[in-house]
Amino acid sequence: MRGTFRKARQAAPAVLFFDEIDSFTPTRGGRTSDSHAIERVISEIQLEMDGLEAFHNVLVIAATNRPDIIDPALLRPGRFDRMIEIGMPDQ
């Protein structure tokens, strides 16, 4: 994760897009067998996104179909603080 953010800062202006972010940032405290690894990933994303303030030319966006299970710490202002819902297309 650290390397991904570093490369984005070096290549700025850049966009980081995380697809299905719910798969690696679920709410912490769950009883999964790899919960320590998940907690480390979430912490690393938080640290990197908090450090992006000095890098105004890096935009981080993510997609999910399960926003209800994303760790709430990632949804605070300065991180993923805007949600855009896209509904099903009209048929």
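**View 1. Phe24, a ring that is partly exposed, with a relative accessible area of 22%.** This is a predicted model, and the close-up starts at Phe24 before moving on to its ring partners. Buried would take a relative accessible area under 20%, so Phe24, at 22%, counts as partly exposed. Phe24 also belongs to a cluster in which ring pairs link it with Phe5 and Phe18.

**View 2. The Phe5, Phe18 and Phe24 ring cluster.** How many aromatic pairs does the structure hold? There are 2 of them. In one, Phe5 and Phe18 sit 6.1 Å apart, centre to centre, with 35 degrees between their planes, and the pair is tilted. Because Phe5 comes from helix 1 (residues 2-10) and Phe18 from strand 1, this pair ties together parts that are 13 residues apart in sequence. Phe5 is buried, and its relative accessible area is 0%. Phe18 is buried too, at 10%. Phe18 also pairs with Phe24, this time edge-to-face, with 5.9 Å from centre to centre and 70 degrees between the planes. Why is one pair called tilted and the other edge-to-face? Planes over 60 degrees apart count as edge-to-face and those under 30 as stacked, with the rest tilted; so 35 degrees makes the Phe5 and Phe18 pair tilted, and 70 degrees makes the Phe18 and Phe24 pair edge-to-face.

**View 3. Asp50 and its salt bridges to Arg76 and Arg79.** The count of salt bridges comes to 5, and this view picks out the network that links Asp50, Arg76 and Arg79. Asp50 and Arg76 form one of the bridges, with their closest N and O atoms 3.2 Å apart. Asp50 lies in helix 2 (residues 35-50) and Arg76 in the segment after strand 2, so this bridge ties together parts that are 26 residues apart in sequence. Both ends have some surface: Asp50 is partly exposed, with a relative accessible area of 30%, and Arg76 is partly exposed as well, at 36%. The other bridge in the picture joins the side chains of Asp50 and Arg79, at 2.7 Å from N to O. That pair also links distant parts of the chain, with Asp50 in helix 2 and Arg79 in the segment after strand 2, 29 residues apart.

**View 4. A look around Arg79, in the segment after strand 2.** Is Arg79 buried or exposed? Arg79 is buried, with a relative accessible area of 12%. What does Arg79 touch once neighbours within four places in sequence are set aside? The contacts are Gln46, Met49, Asp50, Ala73 and Leu74. The Asp50 contact deserves a second glance, since the side chains of Arg79 and Asp50 are also joined by a polar contact of 2.7 Å. So this arginine is buried at 12% and still takes part in the salt-bridge network with Asp50 and Arg76.

**View 5. The salt bridge between Arg66 and Asp68.** Here the side chains meet at 2.8 Å, N to O. Arg66 is partly exposed, with a relative accessible area of 37%. Asp68, at 55%, counts as exposed, because the cut-off for exposed is over 50%.

**View 6. A nonpolar patch on the surface, made by Val15, Phe17, Leu59 and Ile61.** The patch comes to about 370 Å². Which elements give two or more residues to the patch? Strand 1 (14-18) and strand 2 (58-62) do. Zooming in on one member, Ile61 is found in strand 2. Ile61 is partly exposed, with a relative accessible area of 35%. Patch residues need over 30%, so Ile61, at 35%, makes the cut.

**View 7. Stepping back to the whole protein, with its 2 helices and 2 strands.** Read along the sequence, the pattern is α-β-α-β. Of the 91 residues, 26% count as buried, with Phe5, Phe18 and Arg79 among them. The accessible surface comes to about 6,700 Å², and carbon and sulfur atoms account for 53% of that surface. Contacts reach along the chain, too: among those between residues at least 6 apart in sequence, 67% join residues at least 24 apart. The salt bridge of Asp50 with Arg76, 26 residues apart, is a handy example of a link between parts of the chain.

Terms used: Residues are numbered from 1 along each chain as its sequence is written. This is a predicted model: local features need pLDDT of at least 70, side-chain atom pairs count only at pLDDT 80 or more; totals for chains, interfaces and linings use all residues. Side-chain values use heavy atoms; hydrogens and water are left out. Patches are made of residues with over 30% relative accessible area and no salt bridge: like charges are joined within 9 Å, nonpolar side chains (Val, Leu, Ile, Met, Phe, Trp, Tyr) within 5 Å. Accessible areas come from the Shrake-Rupley method with a 1.4 Å probe; for residues, only the protein chains shown count as cover. A salt bridge is a side-chain nitrogen of Lys or Arg within 4 Å of a carboxyl oxygen of Asp or Glu. Helices (H or I, at least four residues) and strands (E, at least two) are DSSP runs, numbered from the N terminus. Buried means under 20% relative accessible area, exposed over 50%, partly exposed in between (1.4 Å probe, protein chains only). Rings of Phe, Tyr and Trp (its six-membered ring) pair if their centres lie within 6.5 Å; planes under 30 degrees apart count as stacked, over 60 as edge-to-face and the rest as tilted. A polar contact is a pair of N or O atoms within 3.5 Å; within protein, one must be able to donate a hydrogen and the other to accept it, and residues adjacent in sequence count only if both atoms are side-chain atoms. Contact means heavy atoms within 4.5 Å.
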